[in-house]
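Grab a pencil and load the model in your viewer. A few short exercises on helix packing are coming up, each with its solution worked through.

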Amino acid sequence: QPAAEEPVPTKGDTSIDAAIRDYLRDVQATKGAATHRAYEHDLKWFRARCQKHLVSRLDRSDTMVLFAAGREEGLNQKTINKRVIIMLQAMRAAGASVELRRGDWPKTTEKKVDIYQPQELTKFFAACTVEDRLVFQVFLCTGFREREVANLAWTDIDWREGKLNVSAKPELGFTPKSYEERSVPVPRALIAHL
């Protein structure tokens, strides 16, 4: 059945497109570039599946449409849930009153994390170049994110304490996630290789 025509916006009502623009502007001002790109992608996905034009017209049914669309597209449930959360954050920031019922959120399955066995690591490191081996050992020993490793500098090595530090580098446009600078103790062998 055709969707009912939406009324002309009244003063104080916001279009969904304007709400998305405003939300992404705020994200760009307060979060990292990768977060902005991810939220922009998620909100484009939402916008392509929402036929409404005004924030005030959004309701629970719009979230149900997104849950169904994600499943029809074969997306992982965690991905769908994340996209719905981003949509709700953006639209509620613009004044939407979308109330969900208990049990509306589809459950997700926690994926089992593969743990490499020592013999697998030995085989992997044997196939690496010397430089690659060092980079992967830093990942393995620290748990740092890709951008954190990519932005490590000599000044981030605490030679005496045997630690690697994550620190902001404004001159390179790098800020740690959640602005969290931290130090991680690493094996002395890794310090010696560095």
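Below are five exercises, each followed by its steps.

Ground rules before we start: this is a predicted model, where local features need pLDDT of at least 70, side-chain atom pairs count only at pLDDT 80 or more, and totals for chains, interfaces and linings use all residues. Residues are numbered from 1 along each chain as its sequence is written, and side-chain values use heavy atoms, with hydrogens and water left out.

**Exercise 1. Check whether the span of helix α1 agrees or disagrees with its residue count.**

Step 1: helices are DSSP runs of H or I with at least four residues, numbered from the N terminus. Helix α1 covers residues 16-30, which is 15 residues.
Step 2: the expected span is 1.5 Å times one less than the number of residues, so α1 should span 21 Å.
Step 3: the end C-alpha atoms of α1 are 21 Å apart, so the two agree.
Step 4: try the same on α6 (residues 130-142): its 13 residues should span 18 Å, and its end C-alpha atoms are 18 Å apart, which agrees too. Just after α6, Gly 143 has a positive phi of about 75 degrees.

**Exercise 2. Find which residues of α1 are buried, and what covers them.**

Step 1: buried means under 20% relative accessible area, exposed over 50%, and partly exposed in between, with a 1.4 Å probe and protein chains only.
Step 2: that picks out Ile 16, Ala 18, Ala 19, Ile 20, Tyr 23, Leu 24 and Val 27 in α1.
Step 3: their cover includes α2 (33-49) and α4 (77-93).

**Exercise 3. Work out how α1 is oriented against α2.**

Step 1: axes are lines fitted to C-alpha atoms, for helices over the stretch in contact, and angles run from 0 to 180 degrees between N-to-C directions. The axes of α1 and α2 come within 9 Å and cross at roughly 170 degrees.
Step 2: that makes the pair roughly antiparallel, as angles over 145 degrees count as such (under 35 is roughly parallel, 65 to 115 roughly perpendicular, the rest oblique).
Step 3: contact means heavy atoms within 4.5 Å. On the α1 side, the residues include Ile 20, Tyr 23 and Val 27, and they meet α2 residues including Tyr 39, Glu 40 and Leu 43.
Step 4: look at Glu 40. At 28% relative accessibility, Glu 40 is partly exposed, and its C-alpha atom is 9.4 Å from that of Val 27, 13 residues apart along the chain.

**Exercise 4. Now classify α2 against α4 and against α3.**

Step 1: α2 and α4 pack at about 90 degrees, axes 9 Å apart, so they are roughly perpendicular.
Step 2: α2 and α3 pack at about 105 degrees, axes 10 Å apart, and that makes them roughly perpendicular as well.
Step 3: Trp 45, Phe 46 and Arg 49 of α2 meet Val 65, Leu 66, Ala 69 and Gly 70 of α3.

**Exercise 5. Which residues touch the most other members of the largest nonpolar core?**

Step 1: a nonpolar core is a set of buried Ala, Val, Leu, Ile, Met, Phe, Trp, Tyr and Cys residues joined through side-chain atoms within 4.5 Å.
Step 2: among its 24 residues, the answer is Ile 16, Ile 20, Tyr 23, Leu 43, Phe 46 and Met 91.
Step 3: two or more residues each come from α1, α2, α3 (60-72) and α4, with α4 giving the largest share, 7 residues.
Step 4: leaving aside neighbours within four places in sequence, Phe 46 is in contact with Ile 16, Ile 20, Leu 66, Met 87 and Met 91.
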